[in-house]
Amino acid sequence: MKERYPTKKIFVGDVAVGGDAPISIQSMTFSETSDVDATVEQINRLHFAGADMVRVAVPDMESAKALKDIKERISLPLIADIHFNYRLALEASKWVDCIRFNPGNIGEKGRIREIVKACRERDIPIRIGVNGGSLEREFENRYGATAEGMVASAEYNIKFLEDLDFTDIKVSLKASDVDRTVDAYRMLRERNSYPFHLGVTEAGTLFHATIKSSIGLGSLLLDGIGDTMRVSITGELEDEIKVAKAILKDSGRVKEGVNIISCPTCGRIEADLVKAVADVEKRIAHIKKPIDVSIMGCAVNAIGEAKHADVAIAFGKGSGLVMVRGEVVAKLAEEDLVDRFVAEVENFVNV
Ligand code: SF4
């Protein structure tokens, strides 16, 4: 696997982003931010699901002022998401741990200068959040809706902040199509060392967003690109975290929890594998230590997979084998296999 790109480490509250920090997961609430109770409730849901930080929309001054109360009632680092009105960023900067602004719709650069000044005074970072759907007019006219246009916008704004001697920066380059997003991140990655926030924006419902994000974020993570990420889903908050965690794990960037290898089944199957895998998945979901397990429907590939797995089952006709590190530890009737397997997994992670 490729090494992660060496990036500058910044801090969003107490969460490090970039450098040798773990790749963090973030999400965004969908409540009206001015409704403090509802927003705190959603932030707590995200916290419980495993988010490392959370972003809230700040569409008006009431929302910007509500950030004070929200911040007092949560413990996750809080990021204010600003479009159009730089004054909202000035107010929000008093209460949050990071400001994200979209350079394409903030307007003239004097306003960005004001945001930088406020963030410097409060020692909080800025995310330059380029969005492929709302580039500054000059870049839109020159490059159209392309990755080049997104990169040009990001570079222009990075330079603008650097010229103000502000380098507490992270960058995102989100588009709603995967290839433009991936191209933009790859292109910009060669040119600076600021930490990147990864995401495919407006990715759709759970099914489509999972696929788009797995392809897009997965490709980048395999390339060693990415320091923090959000999976955008039109759906439940918790799903964003669940999918993001799975992408991180399956791209090999996080070694945590259970990796289940199970066969797709075929005409040789002699057991109810679907039920067995679902049962196992539920019963060992709490395990945090990295462990590879394999659950196979017949002997064809089971022995080979078991050699690489920590704990394995090979189902046969009415019975099967439980193996630990490739060694058979039990031959049992089908109905007893899952219980023994789960016991072996628990034993394996507890020694
Ligand atoms: S392990 Fe056996 S049942 Fe499963 S897909 Fe392979 S041949 Fe079919």
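**Close-up views of a predicted model**

**View 1. Contact between helix 7 and helix 8.** In helix 7, A147, M150, V151 and A154 meet R180, D183, A184, M187 and L188 of helix 8; residues are in contact if their C-beta atoms, placed from the backbone, lie within 7 Å. By class, this contact of helix 7 with helix 8 holds seven nonpolar, no polar and two charged residues (Ala, Val, Leu, Ile, Met, Phe, Trp, Tyr, Cys and Pro count as nonpolar, Asp, Glu, Lys and Arg as charged, and the others, Gly among them, as polar). The model is predicted: local features need pLDDT of at least 70, side-chain atom pairs count only at pLDDT 80 or more, and totals for chains, interfaces and linings use all residues. Residues are numbered from 1 along each chain as its sequence is written.

**View 2. Geometry of the same helix pair, helix 7 and helix 8.** Helix 7 (residues 147-163) packs with helix 8 (residues 178-189) at an angle of about 45°, the axes being 8 Å apart (axes are lines fitted to C-alpha atoms, for helices over the stretch in contact, and angles run from 0 to 180 degrees between N-to-C directions). Helix 7 is therefore oblique to helix 8 (under 35 degrees counts as roughly parallel, over 145 as roughly antiparallel, 65 to 115 as roughly perpendicular and the rest as oblique). Helices (H or I, at least four residues) and strands (E, at least two) are DSSP runs, numbered from the N terminus.

**View 3. The open sheet of eight strands.** The strand order is 8-7-6-5-4-3-10-9, with parallel pairing; two strands pair if DSSP finds at least two bridges between them. Strand 8 (169-174) and strand 9 (197-198) stand at the edges with a single partner strand each, so one side of each has no neighbour in the sheet. Strand 3 (residues 24-28) and strand 4 (residues 53-57) run parallel and are joined by three bridges. S27 stands opposite V54 in strand 4.

**View 4. The open sheet of five strands.** Here the order is 11-12-13-14-15 and the pairing is mixed. The twist averages 15° from one strand to the next. Strand 12 (residues 291-296) runs parallel to strand 13 (residues 311-315), with four bridges between them. V293 has V311 in strand 13 as its bridge partner. Helix 12 packs on this sheet, touching strand 11, strand 12, strand 13 and strand 14 (319-324), and its direction makes about 175° with that of strand 13.

**View 5. The shell around the ligand.** The ligand is surrounded by C263, P264, T265, C266, R268, I269, M296, G297, C298, V300, N301 and A302 (a residue is near if its C-beta atom, placed from the backbone, lies within 6 Å). Helix 12 (residues 299-308) gives the most to this shell, with three residues. The shell residues divide into eight nonpolar, three polar and one charged.

How values were computed. Contact = placed C-beta atoms within 7 Å.
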